[in-house]
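Hello,

Here is the structure I promised to pass on to you. Have a look at it first, and my notes come right after.

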Amino acid sequence: AAMNDLRTLRSELTFEPFLPSDLALPAGDLYNRVTWSSAPVTGFGIFISAQSGAAGSLAIHMDESVMSPADLLNPSFPMNAFKSILRPLRLSNGVWFEMQQQHAPWRGMWILMRVDGNIAIEVDGLSSKQLLAQFAASLVRSA
């Protein structure tokens, strides 16, 4: 069902999303659900499940949204709000910024973020930092 949602989403989006090349996921992971608020769609989220382990349905979660110049300057935008603790992470598709969640219940969970053009992308989840980085690196513009 999530794959059908992904196809529907793509026809409603107002931008070309960054999705994993060929929609391939880490071995054993599955698309769980796709969320978006209303059409026309300027942002969406994808939840990816792991087959095993404690990560469950929060193995990997990705959000993408179109940002205005004002959004990008907003102090509550995560890349501004957490600027002091973000560390650059160079991946094959560019520089991301990483941090760990500060608060329960997901304290310690890795969060990767970047802005590409006017699209803000966040990847987080209970998978290992290595798997999250691998997933982030697989994101490509997808018409």
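Below is what I found, starting with the sheet and ending with one residue. Please keep in mind that this is a predicted model.

The sheet is open and has 7 strands, paired in antiparallel fashion. Going across, you meet them in the order β2-β3-β4-β8-β7-β6-β5. At the edges sit β2 (30-35) and β5 (87-91), each of which pairs on one side only. From one strand to the next, the twist averages 25 degrees.

If you would like to look at one pair in detail, try β6 (residues 94-100) and β7 (residues 110-116). These two strands run antiparallel and are joined by 4 bridges. E98 has L112 in β7 as its bridge partner.

There is also a helix to find here. Helix α1 (residues 2-12) lies across β2 and β3 (43-49), and its direction is at about 45 degrees to β2.

Now to the residue: is L139 buried or exposed? L139 belongs to strand β9 (residues 139-141). It counts as buried because its relative accessible area is 3%, and the cut-off for buried is under 20%. Leaving aside residues up to four places away in sequence, L139 touches F18, L19, P20, M62, N93, W96, I121 and V123. The contact with F18 spans a long stretch of chain: L139 and F18 are 121 residues apart in sequence, yet their C-alpha atoms are 5.2 Å apart in space.

Happy browsing, and best wishes!

Methods. Residues are numbered from 1 along each chain as its sequence is written. This is a predicted model: local features need pLDDT of at least 70, side-chain atom pairs count only at pLDDT 80 or more; totals for chains, interfaces and linings use all residues. Side-chain values use heavy atoms; hydrogens and water are left out. Two strands pair if DSSP finds at least two bridges between them. Axes are lines fitted to C-alpha atoms, for helices over the stretch in contact, and angles run from 0 to 180 degrees between N-to-C directions. Contact means heavy atoms within 4.5 Å. Buried means under 20% relative accessible area, exposed over 50%, partly exposed in between (1.4 Å probe, protein chains only).
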